[in-house]
Amino acid sequence: MNFSEVFKQSNQLCKVSPDGKYLATCVQYRLVVRDVSTLQILQLFTCLDQISHMEWSSDSLFILCAMYKRGLVQVWSLEQPDWHCKIDEGSIGLVSSRWSPDGRHVLNTTEFHVDQRWINSSCCSGVLPSHPTLESLRPSPSWCSPSLRITVWSLCTKAVSYIKYPKACQKGIDFSRDGCYMALAERRDCKDYVSVFVCDDWHLLRHFETETQDMGGLEWSPNGCVLAVWDSCLEYKVLLYSLDGRLLSTYSAYDWSLGVKSVTWSPSSQFLAIGSYDEKVRILNHITWKKIAQFDHPATINSSKAVVYKEVEKRPAVVNDDLSLHNITIGATLFNTQSKYEICPLPVQIPVTKPDPDRANPKIGVSTLAFSSDSRFLATKNDNMASVVWVWDMQKMSLEAVLEQASAVRCFQWDPRRPRLALCAANSKLYLWSPAGCVSVQVPTEAGIQVQSLSWHCSGDSLVLLGKEQLCICYMDTDQEDT
């Protein structure tokens, strides 16, 4: 396992292109594009303000940069570096910006209604065959009643479409995996609705009311056949709809208590995992949509089938001769805390943090769910057990492993090619789990990175490790399938 040199980044804005060839990072108002294999700079773009959001197009040819404070979106081309597009939303508030699945439309969510007049300005020279013309698109500054609205900008034809009444919720927009359909949560007349649009021409395919009090989000199954819709945390309700809007099933585990906190589909579309505030995960099957398993997160682990790994830290001894200024400056590893995993004999007591009942959004319940790429394993995190990650075997429907860290877990993500889980805990270490075991890897301290988040390359051969203002690449041993 090897590590690259350190590069600067801002606001955790660092993403590998969908084709795996490029690495884009944002440093304040600059966008830097590197070759993934060599890390050499290929393109350097300068935006008009500090970048708030960055996103690759699905074909890896364009990069979207949003500057929410200025209400601006700039789009850059890798094939034609001299070409660019600027979308100016004017004085209305830009809330979010994202690509459509085809990579040729930009969806901006804004806070106010505006007139449907828009102005072409700043036309520049240059022809880009089969690509957008170089234009700056800007809506008229006049507006109507304040509300959320989605504007769909076509970069090829400069056509503009408007979608009214989007609902402000945690996950109010989702595209089907094949990119054909967009599901949108809507709120009008104090009722929740779902609209399904065809992404080719943005015409409305279906529009139906949902049986929710206050919709919390929606998500397509990976095969695009079923849409899961769930209520806000105040009511436990999950609804399953077909593409034509038929209600297939409704699931509610309990009443009169905080309900759903997280929802995710397995890659195979066979399972729907629901995490809730009662510290449990419930698994629904795709045949009857009934609960087939329930995973608890107990404070005491007694299951003889599970392996409990506990991180044990050890600070290396330092002799007086090592405390010279030279060694402190050059060899920062002298003071680095090393760690390893130990297998704990059962029963094991899990550290639990009691949530503050007087504060909003209590730190309790299952907030994070992630399936492995083969749907074999499910990783979960219970918020009042912040330093623990639970791994469940979906074939046996039982607890496979528990990883107890020395500090709170910030992020975990599965290898996209094999059953291998990577996690970080805001320190200078990278942790890996696979069915073969668990390992703690020290990130070179010369980098000075406290790993806040991470993401896998699509090949599974490397990881991008992000600190607060730095990043580095971790290269895995490609001749080993497991850790």
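The following conversation goes through a predicted model of one protein chain, its pockets, its cores and some single residues.

Trainee: What does the chain consist of in terms of helices and strands?
Mentor: The chain has one helix and 43 strands. It holds 483 residues, of which 52% count as buried.

Trainee: And what share of the contacts joins residues 24 or more positions apart?
Mentor: Such pairs make up 48% of the contacts in the chain with a separation of 6 or more.

Trainee: This is a predicted model, so what is the mean pLDDT of the chain?
Mentor: The mean is 88, and 87% of the residues reach 70 or more.

Trainee: Where does pLDDT stay under 50?
Mentor: One such stretch is residues 113–145, for which the model nevertheless has 79 contacts beyond four places in sequence. Residues 323–334 are also below 50, and that stretch has 16 contacts beyond near neighbours in sequence.

Trainee: Turning to pockets, how much space lies in the largest pocket?
Mentor: The largest pocket holds about 860 Å³ of space. Its lining comprises 20 residues, and those nearest the centre are Lys171, Arg177, Glu219, Gln413 and Ser455.

Trainee: Which strands supply that lining?
Mentor: At least two residues each come from S17 (173–175), S21 (215–220), S25 (260–265), S37 (411–414) and S41 (453–456). S41 gives the most, with four residues.

Trainee: How does the lining divide by class?
Mentor: The lining of the largest pocket has nine nonpolar, six polar and five charged residues.

Trainee: What about the second largest pocket, how much space is there?
Mentor: About 340 Å³ lies in the second largest pocket. Its lining has 18 residues, with Gln170, Cys233, Val260, Lys261 and Tyr277 nearest the centre.

Trainee: Which strands supply at least two residues of that lining?
Mentor: Those strands are S21, S22 (226–231) and S25. The largest share, three residues, comes from S25. S21 and S25 also supply at least two residues each to the lining of the largest pocket.

Trainee: And the classes in the second largest pocket?
Mentor: That lining divides into seven nonpolar, six polar and five charged residues.

Trainee: How many cavities of 30 Å³ or more does the structure hold?
Mentor: The structure holds one, with about 60 Å³ of space.

Trainee: Which residues line that cavity?
Mentor: The lining consists of Val16, Leu23, Val36, Leu39, His457, Ser462, Val464, Ile473 and Tyr475. Strands S42 (462–466) and S43 (470–475) each supply at least two of these residues. By class there are seven nonpolar, two polar and no charged residues.

Trainee: Moving to the nonpolar cores, how many residues has the largest?
Mentor: The largest nonpolar core has 23 residues. Val281, Ile283, Phe295, Ile350, Leu378, Trp390 and Val402 have the most contacts inside it. Two or more residues come from each of S26 (271–276), S27 (280–285), S28 (291–296), S33 (366–371), S35 (388–393) and S36 (398–404). Another core lies apart from it, with 18 residues, among them Phe377, Ala379, Phe412 and Trp414.

Trainee: Why might nonpolar side chains be found together like this?
Mentor: In soluble globular proteins, nonpolar side chains tend to be buried together.

Trainee: Back to Val281, what is it in contact with?
Mentor: Leaving aside neighbours within four places in sequence, the contacts of Val281 include Ala273, Ile274, Ala293, Phe295, Val366, Leu369 and Leu378. Gly275, Gln294, His297 and Thr380 are also in contact with Val281.

Trainee: Is Gln395 buried or exposed?
Mentor: Gln395 counts as exposed because its relative accessibility is 62%, and the cut-off for exposed is over 50%. Gln395 sits in the loop between S35 and S36. Its C-alpha atom is separated by 8.2 Å from that of Phe377, 18 residues apart along the chain.

Trainee: Which peptide bond is cis, with omega near -5°?
Mentor: The bond from Leu346 to Pro347 is cis. Pro347 is in the loop between S31 (338–343) and S32 (348–349).

Trainee: What is phi for Asn11?
Mentor: Phi of Asn11 is positive, about 60°, although Asn11 is not a glycine. Asn11 lies in the loop between S2 (7–8) and S3 (14–16), and is partly exposed, with a relative accessible area of 45%.

Trainee: And what is phi for Lys158?
Mentor: Phi of Lys158 is near 65°, again a positive value in a residue other than glycine. Lys158 is in the loop between S15 (143–154) and S16 (160–164). At 22% relative accessibility, Lys158 counts as partly exposed.

Technical notes. Residues are numbered from 1 along each chain as its sequence is written. This is a predicted model: local features need pLDDT of at least 70, side-chain atom pairs count only at pLDDT 80 or more; totals for chains, interfaces and linings use all residues. Side-chain values use heavy atoms; hydrogens and water are left out. On a 1 Å grid over the protein atoms alone, a cavity is a set of points where a 1.4 Å probe fits but cannot get out, and a pocket is an open set with protein on both sides within 12 Å along at least five of seven lines; lining residues have an atom within 4 Å of a point. Grid points are joined across faces, edges and corners, and a volume is the space filled by probe spheres set on the points. Ala, Val, Leu, Ile, Met, Phe, Trp, Tyr, Cys and Pro count as nonpolar, Asp, Glu, Lys and Arg as charged, and the others, Gly among them, as polar. pLDDT is the predictor's confidence in each residue, from 0 to 100. Contact means heavy atoms within 4.5 Å. A nonpolar core is a set of buried Ala, Val, Leu, Ile, Met, Phe, Trp, Tyr and Cys residues joined through side-chain atoms within 4.5 Å. Buried means under 20% relative accessible area, exposed over 50%, partly exposed in between (1.4 Å probe, protein chains only).
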